[in-house]
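Subject: The two-chain model, handed over

Hi there,

Here is the model I promised to pass on to you. Please open it alongside this email, and my notes will follow below.

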Amino acid sequence: MLHNIRVRVNGEWVEACVPSHRRLLDFLREDLDLIGAKEGCGGGECGACTVLVNGEPINSCLVLAVEADGAEVLTVEGLGDAKDLDPVQEAFVQNSALQCGYCIPGMVMSAKALLIRNPNPTRDEVVEAISGNLCRCTGYARIVDAIMQAAQAADAAGPAPAGRAAGHAPAAEVSRAGGE
Amino acid sequence: MAEKTTYIGTAVVRSDALEKVTGAARYAGDLKFDRMLYVKLLRGKYAHARLVRVDASKARKLPGVKAVVTGTDFPYRMGLYLVDRTPYAVEKVRYYGEPVAGVAAVSPEVAEEALGLIEVEYEELPPVLDLLEAIKPGSPLVHPELHEYEHVPAIFPVPHTNISNHFKIRKGDVEKGFAEADLIVEDTYYVPHIQHSPLEPHAAVALYDREGKLTIWASSQSPFAMRKILSQSLRWPMNRIRVIGPYVGGGFGGKAGLNVEATLVPLAMKAVGHPVKLVCTREEEFRDTFVRQGMWCRLKTGVKRNGRITAQEFEMYWDGGAYTEYGVNVTRAAGYSSAGVYDIPNMKTDSYCVYTNKPVGGPLRGFGHGENHWAIEQHMDQIAHRLGMDPVEFRMINLQREGSTNATGQVLHNVGIGKCLEEAARLIGWTKVTGPGKIEPGVKKVRAKGIACMTKAPAMPNDAASTAIVKLNDDGTVVLNISAQELGQGAFTVLSQICAEELGVRYEDIRIYPVDTDHGAYEWQTVASRITYSCGRAVMEAARDAKRQLCDHASRYFGVPAGDVDVADGRVFVKGDPSRRVPVATLALGATLPDFSGYGGPIVGRGKFIPEGIVAMDAETGQSPKPVANWTYGAQAVEIELDLELGKIEVKKVAAVYDAGRVINPVTAAAQVEGGVVQGLSIGLFEEMKFDERGRLLNPSYVDYKIATAAEIPEMLVSFVEVPQEDGPYGARGIGEHVMVPTPPAIANALFHAAGVRVKRLPMTSESVRWALKQE
Amino acid sequence: MLLPFDYVRARSREEAVDLALRAGADGKFLAGGTDLLVRMHDRQLRPQMVIDLKGVSGLQGVSCCDGEGLVIGAATPLNRLIRDEAVRSKYGLLAEAAHTVGSLQIRNRASLGGNISNASPAADTAPALLLYEAEIVTWGASGRREIPVGEFFKGPGATALAEGEFVSQIRLPVLKERSYGVYLKLGRTSAVDLAIASVAALALEGGEVRIALGAVAPTPIRVKEAEAILRSRKDEGAIREAAAAARRRAAPISDIRASKEYRLEMTEVLAARAIEQALAGLAAGGR
């Protein structure tokens, strides 16, 4: 069964036709070529596929693309690029809070969601926000440091917008969703 | 003139940071190609069974299926150290999950549907699941053909048994040593199978094109070794095989050698012109890629009343799994390091790699050492307590030092372990311990400290070499062509630092590109914590070579002797005359002389490194004056809180001290240690692959194979000792694997100090600790 | 990757029931999907039709009716519940228990209705619902039913739901007294794990202490025997006796997470701690 959906991804409305079994993760990666979100387990246990849906972090491997119809989706690609990093990304760079990098897009999105909801988290709150994001390389300590630093930086710089989602970009057509 | 920037010992920002925080970094699973097909593998449903019939005819007819292969289509044996493994099961399946057939189709959905159409008839054979039963005479054989298999000379299979390698140490006279001892302590220890569990599952794409060339894009630590194994097995020239390695999303040894990539080769050869892509599921990642072998061992040590060890006897049995092509080397490594950090005059070690019908054992971060140190380091504490000595004091008496010999009889120099142990004890606030912890009535939680040491050498062939090429672009930026892999350990950062330091250019101006065996400088494998040491030396030499050429150009350009020019901060200048300087760009492609004639030409520096003077160990005694490239030492101390009612251990604080020889980047080095400590903690407390009585893995997911989350992290104090490595760049040696080795035994020793109990079987789950406490 | 199926977003309770009855065993209800999609991913389930309940009216949100307790839409994500002021102030034990489910990402999707409909013996919200004496409101072929939560769970994975029936709301009866609840969950890791054993204790101002257990019996269970011991006495000895009574009621299995014997012991340990902490919390002011 196919469904026509309209999703606002990183500020741009995207229209697509997806089969029922298309996961949001596959829709982002395969149909939109947004490869930042990774599949680590497919079972909602590792958090590598974390993206924000309507501002809340979710595992995109456990959401159907059709369920995201009408929703606002923010992926790491919507945060910032090398020339204009989000404070969270900047803090990850400065704290060397990454190694292999595979968990990092998900980790960054979890951190972003936390700081949108709670701009001044405690260390324990940071740990809780990322305890659904597994990392095998870093031992987590620098990631927690980075998120604490990002919170302080944002605090110093005043309120930050939730991502850099631009307003009036034209809708991109996605002719067909693969998979069937 | 600006001061020459010193990059060594400097915490530059990781070179891969921007790509990784923006989501731009590409991994093998992110690759997409036109005409690409999706691969799914049909996996065996028995631990040990004869394949009576494999009929894929219905699958082949399914629309959208482009290629189907089974074992008989591609019966080539492969392996790095022992050639015992086929990509698909031939005649028999030897573990539950072994590939029986592969399908390449236009979508993953079609590929999976096709798997369901493949008919397989099995005749179940008695599975060999118990390690200690497998070595008994009369046990069913996993590989009756073992005696026919090719292997490297350093491996000693025992024909017509399940033993695929028997490594021996015979040093001094153990009987005499035990006779001299005032006390003999003997115990047994066990480590279960565990998984590397990188966040990125194995992924690869293979293309066999119309000219008959095979290209593989793989998440691999070993593009060159992969090419070599395939070339030897298929008898193809290496220039028909190309391996490209994008970023690796965590390896920990699991992506070394040739792995799931082999299953793609016959599919690619059938679907000519179609890239075929396989991304392992997490279940496959747990069960069907390399795992760390289980190991059971018996350790016996003789000691004098004054604390001096006189003799050691060590028997290790490794649960090698269905194929031990790489695992045999784990056995060997654990054997030659079986003295740990101690100077033991008389030793007898037997390390056996044993075939069983379990998943394939292979290398895992610090292989052999995490396992044998689990035994050795608890054992040392046990002896200390029997002698009524403090564990740190007891270790100090027996530590290897200048002029000591290790298990192989190698005479050691510049040994840093004493400093590491002292520093770790100081950082944790060690106070003398002389016995087991005693529980006061009514107390529900106790705190205690424990300590453990480690040493490890790279377990690699004597010809494991590195090369580097430094190419200057027109604008003075630099391409550093090396084929080390960036697994997250920071290799690209540290190698760029070395290049910048030697060449005199800015770190930011250096780029390293993904590994490509067709174009890249040779690298053996990114394993064994050898990249900073080995590739670092090659980079150093290549950068110096490039700098010599640059200075030669400059000497002609400025009309001064070559010795009078230097390079720093991306500028070439005449020493002592700040007005005479040009950017590197001016001389990168050659010098234009005052008469406008050209000189020199584009600069390409080359460098290479092979550890010299390594002598093969004697087959009977394991003795050698220099068996390995180098030894890295370290010590860790932990403080735990034990909930006596639950049996739950919380690691509160860890002090980790390693002798890195020279720290090139203090931040990436410390980050490696932190990551290793937490992986070690995770292995210590949570991790175990559990099998049922039919050899099926019961927990192939993060639901029931727990790894440490952010909620488990202790306070970590990291420190380095710098006793230079003679042939390392600036004295550096590797630390990447070492850092997770001593964490579990340090926790076990703390547990004893907390409550007087030991859990000699990993992991130290709440339940196992609780039962130990109850028995007490 | 998931295997193909048909997804339908039900617009009403009636349509949802109708679709489910027509699909029969091939149909599955979807709310948060954090259990269903995992099982589909692992190929343990392969429904032909997935019926999304999130658009059905009355299934979302928390409503507070004065003097009548609380009504929670079954498809309400756990995080919404945890952050809801009415839940936190009056039914803190439920918020605390819901907080231990999965990760933050999971709790943004997982629903209260889903957590109980899966009927895992280890369902973290179930002990709290037992202690608040919740009513489970369902819709099915025969219309609306209200099932006391104590009669809802029938065994591992089994509930009182009939074919085509789904949970639409969870009603928490009014709690007039001050109370203090504690949920203790022992997992392997400190976060994001399933319970080896769990105990909920709810101390009420009037002197009653309610106790329920998770993961140590075929269903989550309330332990009235333990509660009876604490009705008149709340000293250390009584707590020990109540904890022992909880252990006697537990009937755990051995599985990959823990042995039966360990679960039994932990039931007693956790019960004693939970009771102690609940009484202390109430004494300190309660909620």
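Below are my notes on the contacts between the chains and between the domains inside them. Please keep in mind that this is a predicted model.

**Where the two chains meet**

Let me begin with chain A against chain B. On the chain A side, 46 residues are in contact with the partner, and they face 51 residues of chain B. Together the two chains bury about 3800 Å², and carbon and sulfur atoms account for 61% of that area.

There is polar chemistry here too. The interface of chain A and chain B holds five salt bridges. One of them you can find by going to Lys38(A), whose side chain pairs with that of Asp30(B) at 2.6 Å, N to O. Polar contacts across the interface come to 20 residue pairs, with both residues at pLDDT 80 or more.

Which parts of chain A supply the surface that touches chain B? Five helices each give at least two residues: α1 (24-31), α2 (87-94), α3 (104-117), α4 (123-130) and α5 (141-157). Of these, α2(A) gives the most, with four residues. Sorted by class, the chain A side has 23 nonpolar, 13 polar and ten charged residues.

**Inside chain A**

Chain A is split into two domains. Domain 1 takes in residues 2-79 and 164-173, while domain 2 covers 87-157. Their C-alpha centres are 21 Å apart. At the boundary, 17 residues of domain 1 of chain A are in contact with 14 residues of domain 2 of chain A, and the two domains bury about 1300 Å² between them, 65% of it on carbon and sulfur atoms.

How many salt bridges link these two domains of chain A? The count is one. If you look at Arg117(A), you will see a salt bridge to Glu56(A), with the closest N and O atoms 2.3 Å apart. Six residue pairs are in polar contact between domain 1 and domain 2 of chain A, both residues being at pLDDT 80 or more. On the domain 1 side, the elements that give two or more residues are the strands β3 (50-53) and β4 (56-59) of chain A. That side is made up of seven nonpolar, six polar and four charged residues.

**Inside chain B**

Chain B is assigned three domains: domain 1 (17-25 + 463-609), domain 2 (31-125 + 199-250 + 255-287) and domain 3 (294-460 + 615-775). My notes here are on domain 2 and domain 3 of chain B, whose C-alpha centres lie 36 Å apart.

Domain 2 of chain B brings 24 residues into contact with 26 residues of domain 3 of chain B. The area buried between them is about 2200 Å², with 62% coming from carbon and sulfur atoms. One salt bridge is counted between these two domains. For a salt bridge to look up in chain B, try the side chains of Arg85(B) and Glu325(B), which meet at 2.9 Å, N to O. Polar contacts between domain 2 and domain 3 of chain B add up to 14 residue pairs, again with both residues at pLDDT 80 or more.

On the side of domain 2 that touches domain 3, helix α8 (residues 282-287) of chain B provides the largest share, four residues. By class, that side of domain 2 of chain B divides into twelve nonpolar, three polar and nine charged residues.

Happy browsing, and best wishes!

Methods: Residues numbered from 1 in each chain as written. Chains lettered and ligands numbered in written order. Predicted model: local features only at pLDDT ≥ 70, side-chain atom pairs only at ≥ 80, totals over all residues. Heavy atoms only, no water. Contact = heavy atoms within 4.5 Å. Buried area = accessible area lost by both parts, 1.4 Å probe. Salt bridge = Lys/Arg side-chain N within 4 Å of Asp/Glu carboxyl O. Polar contact = N/O pair within 3.5 Å; in protein donor to acceptor, adjacent residues only side chain to side chain. Nonpolar A, V, L, I, M, F, W, Y, C, P; charged D, E, K, R; others polar. Domains from an automatic or database assignment.
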